[in-house]
Amino acid sequence: MNKKLNAITLSGMIVGPVLGSGVILLPPLLYNMIGNFSLIIWATILILGFAFALVFGKLAILYPGDGGVSLATKAALGKKYQLLTSFYLICAVFFGPVAVLIIAAQFLQEYFPNTTLEMLGFYVYVITYICLLIRLNFLGTLMLIVTSAITIIFFVSSINILLSVNEFHFSLPTISLKEIGYSFIIVFWAIVGWEVIGNYSREVQHTSTLTRAVVFSATMTSLVYLLLTLAICFGDFPKDEEFKLVWLIEPIFGKASNIILTTISTTLCVGTLILFVGGVARLITSLELTPFTSTVTKTGVPIGALNFLSIIYIITLFLVYFDYLSLDNLVAFADGFFIANALIGLVTAIILFEKGFLRTSAIILTVVFSIILLFSNIFILAVIFALFIFTYLKKQKTQTSS
């Protein structure tokens with residue numbers, strides 16, 4: 001008899017993918033962009049994220065299985081739209097992993113000052129590529145340990161910073177509506193990952209376990225992000241230069257702060273890349289788009305899709321090197337496709353749910369996420385719209401022929 005997950009163990013498996021590299025990437029990135037206004041953005045997105053988690057948790061209960069929420073989409077909208085979510089996810093992974101590579105490189109550059117960020121990012125990807133080839137079986141456990149460690153470090157460090165503040169001063173900078181919208185695009189990365197809930201739905205004995213795990217996980221991730229943002233906004237840090245995450249843990253860990261943060265953050269980034277790139281490579285292989293991307297090794301590694309993604313990442317790193325793309329651009333582009341993917345899940349929920357709090361939440365989230373999506377890059381919006389039209393017309397054609 002297989003041992004089923006309880007609420008605590010399931011929460012541990014959910015928190016990792018949801019926090020992921022976002023916990024080291026987003027708070028300093030957003031603060032350096034809009035200062036104390038980031039606190040309002042965070043408060044809003046975390047409330048939306050909580051509702052988002054509950055909606056996707058309910059979908060996982062209604063349609064349990066390894067396919068996750070895509071099973072619900074297939075039931076509500078048909079196989080064509082299940083395929084569309086796959087295309088949006090693949091497009092997001094053209095940009096997201098490179099952002100993770102750059103953030104890992106930023107931590108490493110202190111130890112390799114004569115090497116460019118892009119080259120360090122390439123070296124990190126080479127390590128990731130090798131790990132994907134040898135298929136590390138202990139990766140899930142490693143990610144859980146690393147995510148737990150960095151969560152505890154940030155949790156304790158943030159509280160320590162806040163307790164040492166003598167007087168809280170809070171002033172909001174003046175920012176435009178466009179900056180607010182772009183900030184929401186950036187910070188959406190923090191609630192990407194709730195789609196994984198469905199993948200564990202068969203591993204629990206009671207649906208109440210899944211519900212409790214979602215509530216606990218959403219509470220913990222929200223608390224970590226909120227404490228981290230409060231500490232960054234109110235802490236006694238230099239205001240005339242960009243915030244550095246290492247400042248947060250220095251009061252406790254002193255001279256060891258750099259090496260601790262670099263080690264944990266790099267490991268977390270590589271682990272996130274392995275899970276994400278590996279998962280999407282298998283997804284691309286399963287779609288059987290071309291003979292090249294469908295190639296699999298004897299050991300089951302999706303080598304064709306992996307090489308295809310590798311080419312994309314090398315090209316993107318070159319674009320970053322020549323200043324055509326920046327870290328926040330990469331996050332924003334990836335999040336545009338993540339939002340499009342989320343919208344399909346929310347429309348699925350609206351169709352499947354009966355009247356009640358979760359259906360109302362799904363409707364509100366659909367409207368809010370659609371508005372946020374409008375602040376995305378025009379090229380990204382064009383691709384999202386083109387993929388949708390292609391899917392819609394193809395479905396109409398199928399119906400007509402039948």
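The structure, which is a predicted model, holds zero disulfides. A disulfide is a covalent bond between the sulfur atoms of two cysteines. Two cysteines can be placed by their accessibility: Cys 131 is buried, with a relative accessible area of 15%, and Cys 233 is also buried, with a relative accessible area of 4%.

**Helix α5**

Helix α5 runs over residues 79-108 and so has a length of 30 residues, reaching 43 Å from its first C-alpha to its last, close to the 44 Å expected at 1.5 Å a residue. A kink of about 35° nevertheless lies in α5 at Val 93, shortly before the proline Pro 97. The helix is mostly covered, with 24 of its 30 residues buried.

**Cavities**

Rolling a probe the size of a water molecule over the atoms shows where empty space is left. A search of the whole structure finds two cavities of 30 Å³ or more. Their volumes are given below, together with that of the second largest pocket.

| Space | Volume |
|---|---|
| Largest cavity | about 70 Å³ |
| Second largest cavity | about 60 Å³ |
| Second largest pocket | about 590 Å³ |

The largest cavity is lined by residues that include Val 18, Ile 45, Phe 50, Trp 194, Thr 221 and Tyr 225. Helices α3 (37-62) and α9 each supply at least two residues of this lining, and by class the lining has nine nonpolar, three polar and no charged residues.

The second largest cavity is lined by Lys 80, Leu 83, Leu 84, Phe 87, Phe 390, Thr 391 and Lys 394. The elements that give two or more residues to this lining are α5 and α15, and the largest share, four residues, comes from α5. In contrast to the lining of the largest cavity, which has no charged residues, the lining of the second largest cavity divides into four nonpolar, one polar and two charged residues.

A contact between distant parts of the sequence involves one of these lining residues, Leu 84. Phe 388, which lies in helix α15 (residues 378-401), is 304 residues from Leu 84 in sequence, yet the two are 7.2 Å apart in space, C-alpha to C-alpha. At 33% relative accessibility, Phe 388 counts as partly exposed, because this value falls between the 20% limit for buried and the 50% limit for exposed residues.

**The second largest pocket**

The second largest pocket is lined by 20 residues, of which Gln 106, Phe 107, Phe 243, Lys 244 and Leu 245 lie nearest its centre. The elements that give two or more residues to the lining of this pocket are α2 (22-34), α5, α10 (246-253) and α11 (257-287). Helix α2 provides the largest share, five residues, and the lining as a whole divides into twelve nonpolar, four polar and four charged residues.

**Two loop aspartates**

Asp 236 lies in the loop between α9 (207-234) and α10, where it is exposed, with a relative accessible area of 78%. Asp 236 and Leu 248 are twelve residues apart in sequence and 9.9 Å apart in space, C-alpha to C-alpha.

Asp 323 lies in the loop between α12 (303-321) and α13 (327-352), and Asp 323 has a positive phi of about 65° although it is not a glycine. Asp 323 is likewise exposed, with a relative accessible area of 69%.

Key. Residues are numbered from 1 along each chain as its sequence is written. This is a predicted model: local features need pLDDT of at least 70, side-chain atom pairs count only at pLDDT 80 or more; totals for chains, interfaces and linings use all residues. Side-chain values use heavy atoms; hydrogens and water are left out. The bend at a residue is the angle between axes fitted to the seven residues ending there and the seven starting there. Buried means under 20% relative accessible area, exposed over 50%, partly exposed in between (1.4 Å probe, protein chains only). On a 1 Å grid over the protein atoms alone, a cavity is a set of points where a 1.4 Å probe fits but cannot get out, and a pocket is an open set with protein on both sides within 12 Å along at least five of seven lines; lining residues have an atom within 4 Å of a point. Grid points are joined across faces, edges and corners, and a volume is the space filled by probe spheres set on the points. Ala, Val, Leu, Ile, Met, Phe, Trp, Tyr, Cys and Pro count as nonpolar, Asp, Glu, Lys and Arg as charged, and the others, Gly among them, as polar. A disulfide is a pair of cysteine sulfur atoms within 2.5 Å.
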